[in-house]
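Reader: I am new to reading protein models. Could you walk me through this one?

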Amino acid sequence: MNEGQEQPRRRKIALLWGIVGIVAAVSAVLTLLLSRKSAETVVEIESGGEVLYTIDLRQTPDTRLNIPAPNGSYNIVCVEDGEIFVSEAGCPDKTCVRMGPLRADAMPIVCLPNRLVVRFQKGD
Amino acid sequence: MAKKTPIRELTRLSLLTAVALILWVVEEAFPPPVPAIPGLKLGLSNVVTVYAVFAFSPAKAALLVTARVLLSALISANPSALLYSACGSVFCLAGMLSLRKILTVKQMPLLSVLGALLFQCGQVLCAALTAGSFAPVVYLPPLLLWGALAGLVTGICARAVVHFTEKNRL
């Protein structure tokens with residue numbers, strides 16, 4: 001490749017690296033902001049778009065809730081030591097189980113196939 | 001196809017598809033690196049995709065990725081995650097093929113990172129569309145951050161593969 005073509009090509013490569021750097025930096029900041037632990041303790045369990053349970057994690061003894069899904073499947077939601085997590089799921093994904101306990105406001109526990117959402121109640 | 005694919009090239013494509021599929025299966029067998037973020041994985045089969053983008057014509061690279069996605073559907077136990085990653089793969093491939101012209105083998109890691117970022121965008125977009133809400137978008141920042149790192153690693157691997165095959169005239 002001759003000099004005349006090489007120069008703009010290099011500039012494009014530098015630009016692309018720059019874009020990657022900016023995206024990575026912005027993502028890092030947003031990740032930190034979004035994954036901050038919630039100050040809220042009241043949790044809502046929603047299934048198929050309807051709130052089934054509203055529970056305060058501080059005042060609830062250890063519980064196991066079987067949440068039936070609109071598609072006939074189920075999820076088992078557990079409250080233990082002030083933490084809430086999905087312990088079992090009838091779907092093949094198990095993504096919600098692997099997600100572990102609920103921590104951040106912005107990141108609810110979601111089971112997409114069973115339309116289950118476990119999230120902190122929006123603070124006033 | 002009007003023009004016949006030479007047997008040598010066809011064999012290499014099939015072999016690479018098998019390699020990509022094996023990498024994919026091996027990766028599925030391991031627990032996810034950060035379980036709190038759904039959809040986050042190393043993306044080892046990206047090594048093969050990046051290599052194919054450089055080693056073959058765009059149509060053949062696309063053929064390889066399509067074959068891998070379809071075959072992985074047969075062995076996957078996780079249909080929705082598969083749908084998202086298939087969508088991500090399409091984005092990744094389209095982006096890499098369009099950037100291929102201005103990048104050389106030296107810039108393979110850059111191409112791989114850009115591909116990984118596009119993969120994550122495609123994956124989140126697909127999840128948002130199927131869920132009918134913007135909720136999955138909160139996972140985009142951690143996925144992009146991870147994608148940039150994992151893409152860099154897989155890109156460096158793919159470049160090493162090219163250097164190796166050239167040195168040994170494979």
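Author: We will take cysteines, then the contact between chains, then one glycine.

Author: This is a predicted model, where local features need pLDDT of at least 70 and side-chain atom pairs count only at pLDDT 80 or more, while totals for chains, interfaces and linings use all residues. Residues are numbered from 1 along each chain as its sequence is written, chains are lettered from A and ligands numbered from 1 in the order in which they are written, and side-chain values use heavy atoms, with hydrogens and water left out.

Reader: How many disulfides does the structure hold over all chains?

Author: Start with the idea. A disulfide is a covalent bond between the sulfur atoms of two cysteines. The rule asks for a pair of cysteine sulfur atoms within 2.5 Å. Here the count over all chains is 0.

Reader: Why does A:Cys111 have no bond to A:Cys91?

Author: Because their sulfurs are 3.8 Å apart, too far for a bond. A:Cys91 holds the closest cysteine sulfur to that of A:Cys111. B:Cys157 is in no disulfide either. Its nearest cysteine sulfur belongs to B:Cys92, 15 Å away.

Reader: Is A:Cys111 buried or exposed?

Author: Relative accessible area decides: buried is under 20%, exposed is over 50%, and partly exposed is in between (1.4 Å probe, protein chains only). A:Cys111 has 2%, so it is buried. B:Cys157 has 36%, so it is partly exposed.

Reader: How many residues does each chain give to the contact?

Author: Contact means heavy atoms within 4.5 Å. Chain B gives 29 residues and chain A gives 22.

Reader: How much area do chain B and chain A bury between them?

Author: Buried area is the accessible area (1.4 Å probe) that two parts lose on being put together, summed over both. For this pair it is about 2,200 Å², with 75% on carbon and sulfur atoms.

Reader: Which helix of chain B gives the most to the side that touches chain A?

Author: Helices are DSSP runs of H or I, at least four residues, numbered from the N terminus. Helix 4 (79–99), helix 5 (108–131) and helix 6 (140–167) of chain B each give two or more residues to that side. Helix 6 gives the most, with 6 residues.

Reader: Where does B:Gly155 lie?

Author: B:Gly155 is in helix 6 of chain B. At 0% relative accessibility, B:Gly155 is buried. Beyond its neighbours within four places in sequence, B:Gly155 contacts B:Met108, B:Pro109 and B:Ser112. B:Val113 is 42 residues away along the chain, yet the two C-alpha atoms are 7.1 Å apart.
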